[in-house]
Amino acid sequence: MAVPKRKKSRSRTRSRRAQWKAAPLTLVACDNCGQTKVPHHLCENCGTYDRRQVVEV
């Protein structure tokens with residue numbers, strides 16, 4: 001099993017972790033009501049998914 005020969009410095013570790021970013025949420029308009037929602041999820045406003053009524057709101 002491979003084992004590192006030397007300890008990674010704090011600056012090298014932090015430079016690598018500096019690239020970990022949170023991506024902004026992508027939002028789309030609901031086909032039924034036009035409210036913004038997360039893609040491939042149920043619309044919280046009208047309760048539809050894939051143009052079908054799933055939940056009564």
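**Close-up 1. R51 and D31, two exposed residues joined by a salt bridge.** In this predicted model, R51 is exposed and D31 is exposed as well. Their side chains meet in a salt bridge, with 3.8 Å from N to O. The two partners come from distant parts of the chain, 20 residues apart: R51 sits in the loop between β3 and β4, while D31 belongs to the loop between β1 (28-29) and β2. If you are tallying such contacts, the structure holds 1 salt bridge.

**Close-up 2. The backbone at R51.** Stay with R51 for a moment and look at its main chain, where phi is near 60°. That is a positive value, and the residue is not glycine. The strand that follows this loop, β4, covers residues 52-53. R51 counts as exposed because its relative accessibility is 70%.

**Close-up 3. H40, another residue with positive phi.** Here phi is near 65°, again a positive value in a residue other than glycine. Where along the chain is the place of H40? You will find H40 in the loop between β2 (36-37) and β3 (48-49). Is H40 buried or exposed? With a relative accessible area of 68%, H40 is exposed.

**Close-up 4. C43 and C46, two cysteines without a disulfide.** How many disulfides does the model contain? The count comes to 0 disulfides. C43 takes part in none, and its nearest cysteine sulfur, that of C46, is 3.6 Å away. Why is there no bond for C46? The closest cysteine sulfur to that of C46 is in C43, and at 3.6 Å it is too far for a bond, because a disulfide calls for sulfur atoms within 2.5 Å. Both side chains are worth a look for their surroundings, too. C43 is buried, since its relative accessible area is 2%. C46 is also buried, with a relative accessible area of 14%, because the cut-off for buried is under 20%.

**Close-up 5. A positive surface patch with R16 among its members.** Lysines and arginines come together here: K7, K8, R10, R12, R14, R16 and R17 form a positive surface patch. Take R16 as a guide to the view; its place is in helix α1, which runs over residues 10-17. How exposed is R16? R16 is partly exposed, with a relative accessible area of 40%. That value allows R16 to belong to the patch, because patch residues need over 30% relative accessible area.

Notes: Residues are numbered from 1 along each chain as its sequence is written. This is a predicted model: local features need pLDDT of at least 70, side-chain atom pairs count only at pLDDT 80 or more; totals for chains, interfaces and linings use all residues. Side-chain values use heavy atoms; hydrogens and water are left out. Patches are made of residues with over 30% relative accessible area and no salt bridge: like charges are joined within 9 Å, nonpolar side chains (Val, Leu, Ile, Met, Phe, Trp, Tyr) within 5 Å. Accessible areas come from the Shrake-Rupley method with a 1.4 Å probe; for residues, only the protein chains shown count as cover. A salt bridge is a side-chain nitrogen of Lys or Arg within 4 Å of a carboxyl oxygen of Asp or Glu. Lys and Arg count as positive and Asp and Glu as negative; His and the chain ends are not counted. The place of a charge is taken as NZ of Lys, CZ of Arg, CG of Asp or CD of Glu. Helices (H or I, at least four residues) and strands (E, at least two) are DSSP runs, numbered from the N terminus. Buried means under 20% relative accessible area, exposed over 50%, partly exposed in between (1.4 Å probe, protein chains only).
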